[in-house]
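Me: I would like to go through this model and ask, label by label, what each one rests on. Please set the value against the cut-off wherever a cut-off is needed.

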Amino acid sequence: MKGKKRVFLGILSFSFVFFAVLLIAFVYSLNSGKTEFYRYFMIATAFFLLTVTVLVGIALAVSFYVILSRRSSKSAISFISSFVDLFYPIVLFASRVLRIKEEKIEQSYIAIKDFFFNKDLKRYEPKDILILAPHCIQYSGCKFKVTYDIDNCRKCGKCQINDLVNLKEKYGINVAVATGGTLARKIVKDLRPKVIIAIACERDLTSGMQDVKHIPVYGIINDRPNGPCFNTRVDVSEVENMVKKLLNGG
Ligand code: SF4
């Protein structure tokens, strides 16, 4: 987990240095302009670079403060959580320049968001908790339609939908299976949970966590022993541990 967080923060640090160097270069070339228009263009660009550099610097400083301090204020956590979302495209762009696999950035983004989630854990009622699982976790040969209504599962044990239904019955929480982002958004709109445990692949989790801004989301990356989107699996003990934490407030 520590290593995964470092990838994102490392690239953010690289971006900070990159923007700072670019800013210095622009400031030095301010007086070399031949026309007034050129000078104004350079001043505007330098001002833009200064703003981005300062924002990235603040984001880095607050990130390290929240990560290294034992207790951090809620406002610092929510501030930096939004900043991580805001700077995700910059980090993604920098990772392409540095030829780092996108999946690594997504894993790092999820690790950081989960870390901040854990730092600001609250107690929730069972009815306010939603486990959102991907459709590919269902056994491909199963003829029962569990999307949206997981109670259609006959609990034969051929896939982990069985385990998720058990969690639903044991803790009285909401569990739903979605085929994609559209259905996931509809489920969230209908059930109005106050907290979500989302299970999905790196790409879907990253976009889903950025999508749902007003509800805290804890992301769990699924296992794909049979390749992507086919009979996938999840660490059910990790899901259950998080459910217990949310019910107990930490
Ligand atoms: S556990 Fe449920 S969803 Fe999975 S194969 Fe059996 S009936 Fe289908």
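**What the labels rest on**

Reply: S108 is placed in helix 4, and I begin there, with the reminder that this is a predicted model.

Me: What makes S108 count as buried or exposed?

Reply: The relative accessible area of S108 is 0%, and buried means under 20%, so S108 is called buried. Leaving out residues up to four places away in sequence, S108 touches K4, K5, V7 and F8.

Me: Which residues come nearest to the ligand, and what classes make up the shell around the ligand?

Reply: There are 13 residues around the ligand, of which C142, C153, R154, C156 and C159 come nearest. Sorted by class, the shell holds seven nonpolar, three polar and three charged residues, where cysteine is counted as nonpolar and arginine as charged.

Me: How do you know how many disulfides there are?

Reply: The whole structure was searched, and zero disulfides were found; the test asks for a pair of cysteine sulfur atoms within 2.5 Å, so the conclusion is that no pair of cysteine sulfur atoms meets that limit.

Me: Why do C156 and C159 carry the labels they do, buried or exposed?

Reply: C156 has a relative accessibility of 61%, and the label exposed requires over 50%, so C156 counts as exposed. C159 has 15%, which falls under the 20% limit for buried, and therefore C159 counts as buried. Because the accessible area is computed with protein chains only, the ligand does not enter into either label.

Me: Where does C159 lie, and what does C159 touch?

Reply: C159 belongs to the loop between strand 1 and helix 5, and its contacts, not counting residues up to four places away in sequence, are I137, Q138 and Y139. With Y139 the C-alpha to C-alpha separation is 5.3 Å, although the two are 20 residues apart in sequence.

Me: Why is N152 called partly exposed?

Reply: The relative accessible area of N152 is 30%, and since buried needs under 20% and exposed needs over 50%, N152 falls in between and is called partly exposed. N152 too is in the loop between strand 1 and helix 5, and, leaving aside neighbours within four places in sequence, N152 is in contact with F144, K145 and V146. The C-alpha atoms of N152 and V165 are 9.8 Å apart, with their positions 13 residues apart along the chain.

Me: How do you know that the span of helix 8 is close to the expected one?

Reply: Helix 8, residues 236–248, has 13 residues and reaches 18 Å from its first C-alpha to its last, close to the 18 Å expected at 1.5 Å a residue.

Me: What makes the buried residues of helix 8 line one face?

Reply: The buried residues of helix 8 are V236, V239, E240, M242, V243, L246 and L247. Looking down the helix axis, these residues fall within an arc of 160°, so they line one face of helix 8. The general background is that an α-helix has 3.6 residues a turn, so residues three or four places apart point the same way. Among the elements that cover the buried residues of helix 8 are helix 4, strand 1, helix 5, strand 3 and strand 4.

Me: Which residues of helix 7 are buried, and why are they said to line one face?

Reply: In helix 7, residues 202–211, the buried ones are E202, L205, T206 and M209. Down the axis of helix 7 they fall within an arc of 100°, so they too are said to line one face. Their cover includes helix 3, helix 4, strand 3 and strand 4.

Me: What is said of phi at R99 and R192, and why are these residues called exposed?

Reply: R99, in the loop between helix 3 and helix 4, has a positive phi of about 55° although R99 is not a glycine. R192, in the loop between helix 6 and strand 3, has a positive phi near 45° and is likewise a residue other than glycine. The relative accessibility of R99 is 78% and that of R192 is 67%; exposed means over 50%, so both count as exposed.

Terms used: Residues numbered from 1 in each chain as written. Predicted model: local features only at pLDDT ≥ 70, side-chain atom pairs only at ≥ 80, totals over all residues. Heavy atoms only, no water. Near = heavy atom within 4 Å. Helix = DSSP H or I, 4+ residues; strand = E, 2+ residues; numbered from the N terminus. Expected span 1.5 Å × (residues − 1). Buried < 20%, exposed > 50% of the residue type's maximum accessible area, 1.4 Å probe, protein only. Arc of directions from axis to C-beta. Contact = heavy atoms within 4.5 Å.
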